Structure formats: C-alpha cells, structure tokens
Amino acid sequence: MAVWAEQLQRELAGRGLAVASVPGKGRGLVAARGLAVASVPGKGRGLVAARSFFPGEVIICQEPYASTPNRISVGSSCDHCFASGNLRKCSVCRVAWYCGSVCQKEEWKLHQLECQAISALTEERKKMLTPTIRLMVKLILRRKLQSEKAIPSSATDNYDLVDALESHISKVDDNQLVLYAQMANLVQLILPSIELDLKEIAHTFSKFACNAHTICDPELRPLGTGLFPAISIINHSCVPNAVLLFEGRTAYVRALQPLSSNTEVSISYIETAATTLKRHNDLKQYFFTCTCPRCIKDSEEDALLEGYRCKDQKCDGFLLPDSGKKAYTCQKCSISRDEEEIYMELQDWQTALMYCRLTIPVYERVYPPFHPMVGLQFYTCGKLEWLLEYTEDALKSLTRAADVLRITHGTQSQFMKELFGKLEEARAEVSFRLSSGDEQIS
C-alpha cells in the first residue's frame with residue numbers, strides 16, 4: 001500500500017471512518033481524483049476527500065453507465081448527448097432519437113441490439129416501454145457487450161460498479177416487490193434471446209429507485225435519467241458541501257465551499273428549501289433518516305420556511321408579497337404556473353420582471369448563497385432587465401448570477417459562455433452610457 005494511502009487510513013480512523021471495499025477499477029477512479037471510499041458510521045459507504053478542493057473545483061465527473069431520455073415517444077432529447085435540437089427518429093425502431101450522425105454512430109453498437117429487440121415488439125408492448133424499462137434494457141445490453149469485449153470498459157464504465165450499489169431490497173414493501181417482478185418479466189419479453197436472472201433484475205430496479213439521478217439541463221429542467229455508480233457513493237446532506245449538475249449527460253460534482261482533506265463529500269438528493277418534516281418525507285425512498293446539522297437543530301428555521309410556504313398542502317411553492325396589496329401570493333400556484341408563464345409567453349417583459357424580482361429575496365432566504373436556483377433566478381432577472389434596457393440593473397443581476405453559477409456550473413460549458421458573453425456586453429454598454437452621460441430609469 002502506498003504511503004499516502006496508509007496515512008489516509010490512519011487519519012480516517014481517527015475520525016471514526018474506515019476505508020470501504022470498492023471494485024478494483026472503482027478504486028482507481030476515486031484515487032485518481034484525490035478521493036477515497038470510506039465506511040461512514042450510520043451511512044454505509046461514502047466519498048471522502050483525500051486532498052483539499054476549492055469552491056467550484058470538479059470533485060468527480062462521470063458518464064452514465066446507462067441513460068435514457070424522459071419522454072421517449074416525442075423525442076425530447078438525443079439518446080447520446082441529451083441535446084434537444086435537430087432531432088431525428090431511428091427509422092427502424094422509431095423509439096431512439098439522435099441530434100446527428102456523430103451521436104448515432106457513438107450509440108450504434110448498443111442501439112443495434114436495442115433496435116432489433118424493440119422492432120420485434122407489438123405496438124401494444126411498445127407502449128409499455130417506459131423510460132425505466134428502457135434504462136434497464138440498455139444497462140443489460142451494455143453489460144453484455146462489455147462482457148463480450150465488443151465495447152470497452154473503464155474505471156467509470158463497468159458493471160462491477162453497478163453490482164456494488166445498495167438495493168435496499170429487504171426494506172421494499174410487498175406491492176413494490178410485485179411491481180419490480182412484473183417489470184423484470186417485461187424486460188425478459190423484450191430481450192428473449194438473453195438469459196436473464198429475473199431476481200437480479202428486480203434487485204437492479206430497486207437500485208434504480210435509490211441510486212439513479214435525474215439528468216437536467218443547465219437551468220435544472222429534467223431531461224432524462226442516468227445511473228452513475230461512482231457518484232451514487234456520495235451521501236446526502238441537507239447542508240451539502242458539493243453540488244451535482246450535468247453538461248449533456250455527463251455528471252459533474254463541484255465543491256460549494258473549501259474542502260479539506262478527510263472531509264466527507266455530500267450532495268443533496270432532494271429539494272432543500274423545505275421544513276425538516278418535508279425533507280424527511282422526501283428522503284423515505286432512500287431508506288434513511290438524515291441526521292445532518294439542519295435536521296437535528298432547533299425549529300427556528302422550520303418556522304421561517306413554514307411561514308414562506310404556500311398554505312395549500314399539495315403545493316410546495318413560496319409566498320411572495322403581492323404588489324400593491326397587503327397580502328402574499330404563492331409564486332408556484334399563482335405566479336410560476338399562471339401569471340409569470342403567461343406574461344413571458346405574451347412577451348409582457350415588464351410584469352415578468354416584477355415577479356422575477358419578487359422571488360429573489362425569498363430564494364436568498366430559503367437557499368444557501370451558492371445554490372444554482374439563486375444564480376439562475378438572478379440570470380433570468382438580468383436577461384429581462386437587459387431586454388427592457390435597464391442596463392445597469394442587468395449588469396448587477398448578471399454579475400450576481402455569474403458569481404454563483406461559476407461555482408455550481410463551472411466556466412467551460414456553452415451555457416456559461418453565453419452568460420459571460422451577456423455579462424461582457426452589459427459591462428461594455430454601461431461603460432459607454434457612463435462615458436456619454438446617459439442614465440437609465442428602471
């Protein structure tokens with residue numbers, strides 16, 4: 001064992017942690033990133049920093065072992081890169097969609113097998129091909145191709161990492177077990193030429209439920225689902241020190257604050273702008289009760305959050321001051337879903353900006369400073385202000401957006417390059433107006 005590894009084991013032991021077992025290729029992945037997989041008391045396996053990380057630094061990134069878009073029939077995203085433009089349907093199976101020949105070629109070895117299987121289905125059975133079923137089919141086919149050496153395997157792309165994931169199958173209720181069994185039988189009908197272990201498939205469906213991640217675009221709109229076995233090792237906290245976001249279908253975990261060596265890396269599995277009771281209810285699907293600092297401290301924060309919450313128990317929106325009235329209105333029930341969307345669609349930018357500005361103080365109260373929702377709301381506000389020629393306000397909002405999003409999103413994606421471009425344009429315009437003596441009225 002290397003000297004640094006022995007030292008890390010001693011340091012982890014001093015904090016009540018122990019180096020946990022992980023498949024050989026997986027050990028290479030985390031070690032190369034300056035990480036270690038440790039056994040964390042009360043949590044099982046967890047990912048621990050073996051060196052320091054600065055805010056915004058990529059802690060770990062991974063391609064999915066298997067992934068699928070959310071909306072199969074209408075072609076919401078490219079099956080390979082998850083882009084949403086210029087999509088064309090596979091002419092044979094009429095299920096897979098691609099943005100171009102490059103992505104189609106990248107997926108061809110796997111999709112060739114999937115295409116044959118789907119094409120053999122009746123139209124009725126094709127209707128049963130949900131994203132979750134398709135995710136399982138693609139996982140099985142990737143495992144088959146790798147075992148036959150038809151496609152390469154690597155530290156981040158091998159079935160051993162999937163096999164090592166926790167299924168919590170012993171905690172699953174009987175109704176869900178029956179559903180998993182039925183889904184396993186459907187997979188067997190889709191792949192009749194492959195000898196399958198239906199019990200193992202049922203266990204893997206249970207792994208999906210507590211390990212798969214929703215792949216989102218830079219503005220946090222869901223695109224699909226992916227299984228990222230190495231990233232699934234990272235445990236949850238309601239006060240996370242890292243954030244998981246995506247570029248295409250590639251997952252990136254970035255530090256939200258300085259991380260010192262031997263610090264456990266944590267992300268949030270759920271919406272954190274919620275009371276302790278709501279967060280614990282949302283975490284039930286993962287079969288654990290969170291004991292992070294937020295969950296064990298007093299109820300002052302819960303009272304604050306409860307005060308901002310919509311009074312409709314079925315809604316998880318926030319209350320905002322209603323302009324011109326001594327009252328509060330839910331931003332989700334009556335703004336996000338009705339008014340704000342309508343004003344955006346009608347291109348009533350002034351009213352849309354009014355509601356956008358109202359949400360920012362609430363977001364700053366219920367989210368930590370470097371949360372993507374805060375940065376994205378400033379970005380939306382800045383774009384509306386720029387459109388309405390409130391140039392100095394736009395510069396302030398875009399600057400605030402960039403300060404947050406460069407930490408959560410990095411600096412190299414096309415999304416961030418567009419933000420930086422708008423920011424530079426606003427700076428230039430403000431500089432020009434100041435030099436020419438122009439003033440804005442907002």
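A residue counts as buried when its relative accessible area is under 20%. That cut-off helps in reading this predicted model, so let us start with a pair of rings to which it applies.

**An aromatic pair in helix H8**

Searching the whole structure turns up 8 aromatic pairs. One of them joins Phe205 and Phe208 in an edge-to-face arrangement, with 5.9 Å from centre to centre and 90° between the planes. Both residues belong to helix H8 (residues 198–211), where they sit 3 residues apart, about one turn of the helix. An α-helix has 3.6 residues a turn, so residues three or four places apart point the same way.

Are Phe205 and Phe208 buried or exposed? Phe205 has a relative accessibility of 2%, so it counts as buried. Phe208 is buried too, because its relative accessible area is 7%, and the cut-off is 20%. The pair also has company: Tyr180 joins Phe205 and Phe208 in one aromatic cluster.

**Charges over rings**

Arginines meet aromatic rings elsewhere in the model, as these two cases show.

| Arginine | Ring beneath | Distance to ring centre |
|---|---|---|
| Arg51 | Phe53 | 3.9 Å |
| Arg143 | Tyr159 | 3.9 Å |

In the second case, the charged end of Arg143 is what sits over the Tyr159 ring.

**Helix H15 and its surroundings**

Helix H15 runs through residues 391–408, 18 residues in total, and its first and last C-alpha atoms are 25 Å apart, close to the 26 Å expected at 1.5 Å a residue. Its buried residues include Asp393, Leu395, Leu398, Ala401, Ala402, Leu405 and Ile407. Thr391 and Thr408 are also among the buried residues of H15.

What covers these buried residues of H15? The cover includes two strands, E11 (242–247) and E12 (250–255), together with helices H13 (349–366), H14 (372–387) and H16 (414–436). Just after H15, Gly410 adopts a positive phi of about 80°.

**Enclosed space**

Rolling a probe the size of a water molecule over the atoms shows where empty space is left. In this model there are 3 cavities of 30 Å³ or more, and the largest holds about 60 Å³ of space. Its lining is made up of Pro64, Tyr65, Ala66, Ser67, Glu107, Leu110, Lys138, Arg142 and Arg249. Strand E5 (66–69), helix H3 (101–119) and helix H5 (131–147) are the elements that each give two or more residues to that lining.

Definitions and conventions. Residues numbered from 1 in each chain as written. Predicted model: local features only at pLDDT ≥ 70, side-chain atom pairs only at ≥ 80, totals over all residues. Heavy atoms only, no water. Helix = DSSP H or I, 4+ residues; strand = E, 2+ residues; numbered from the N terminus. Expected span 1.5 Å × (residues − 1). Buried < 20%, exposed > 50% of the residue type's maximum accessible area, 1.4 Å probe, protein only. Contact = heavy atoms within 4.5 Å. Phe/Tyr/Trp six-rings, centres within 6.5 Å; stacked < 30°, edge-to-face > 60°. Lys NZ or Arg CZ within 6 Å of the ring centre and 35° of its normal. 1 Å grid on protein atoms, 1.4 Å probe; cavity = no way out; pocket = protein on both sides within 12 Å on 5 of 7 lines; lining within 4 Å. Points joined across faces, edges and corners; volume = space filled by probe spheres on them.
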